Amino acid sequence: MAYVYDTTNIFARILRGEIPNRTVLETEHTLAFRDIAPKAPDHVLVIPKGPYVTYDHFCAEASEAEIVDFTRAVAAVVNLIGAEAHGAGKGFRAITNAGENGVQEVPHFHLHILAGRCIGPMIC
Ligand code: 5GP
């Protein structure tokens, strides 16, 4: 499958420093920041710095170093927000929306981490 990355998307602009964000964690290949319209007390978006449209694109074309860095960053974010008042030890939900049927709004792969309250059985 051919993936076409739109360099004007909002997360690309955040990565270029053109738009401010509330960073939770930054590593060599990954950035995690708070969602501008949180759906839970803690709602963090974890994104690779590389130009990947969806999860499957990321898995197909990212290097092992990027994938390991991303995976560990997700765990670090979960620990960070768990250490704050909201979610300590109570768990979280991780979601990625991909493409048209996934109703993906921003075409740069991102994982939503939702925590801080019981989120219910379904998101949509
Ligand atoms: P998607 O539907 O693509 O999975 O979700 C995109 C998410 O990005 C939404 O939850 C939306 O609130 C968030 N978002 C959109 N624009 C911005 C922005 O400029 N800054 C931040 N921090 N989040 C954004």
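I will talk through this predicted model, starting with its confidence scores and then turning to the ligand, a strand pair and one annotated histidine.

On confidence, the chain has a mean pLDDT of 93, with 94% of its residues reaching 70 or more, and the model as a whole scores ipTM 0.99 and pTM 0.95. As a general caution, where pLDDT is low, the predicted coordinates should not be read in detail.

Let me go to the ligand, whose surroundings are made up of I10, I19, N21, F33, D35, I36, A37, N97, V103, Q104, E105 and V106. Sorted by character, this shell contains 7 nonpolar residues, 3 polar ones and 2 charged ones.

F33, one of the residues around the ligand, also takes part in strand pairing, since F33 in β2 is the bridge partner of T23. The two strands concerned, β1 at residues 23-26 and β2 at residues 30-34, run antiparallel and are joined by 3 bridges, and together they form a hairpin with 3 residues between them.

Now to the histidine: in UniProt, an unreviewed entry places the feature "active site" at H110, and I would ask you to keep in mind that this comes from the record. In the model, H110 sits in the loop between β4, residues 92-95, and β5, residues 111-115. Is H110 buried or exposed? H110 counts as buried because 27 C-beta neighbours lie inside 10 Å, where 20 or more are needed for that label. Leaving aside residues up to four places away in sequence, H110 touches F11, L45, V46, I47 and T96.

Terms used: Residues are numbered from 1 along each chain as its sequence is written. This is a predicted model: local features need pLDDT of at least 70, side-chain atom pairs count only at pLDDT 80 or more; totals for chains, interfaces and linings use all residues. pLDDT is the predictor's confidence in each residue, from 0 to 100. UniProt positions are given in the numbering used here, feature names are shortened, and annotations may be inferred rather than shown by experiment. Helices (H or I, at least four residues) and strands (E, at least two) are DSSP runs, numbered from the N terminus. A residue is buried if 20 or more other C-beta atoms lie within 10 Å of its own, exposed if 12 or fewer, and partly exposed in between; C-beta atoms are placed from the backbone. Two residues are in contact if their C-beta atoms, placed from the backbone, lie within 7 Å. A residue is near a molecule or strand if its C-beta atom, placed from the backbone, lies within 6 Å of it. Ala, Val, Leu, Ile, Met, Phe, Trp, Tyr, Cys and Pro count as nonpolar, Asp, Glu, Lys and Arg as charged, and the others, Gly among them, as polar. Two strands pair if DSSP finds at least two bridges between them.
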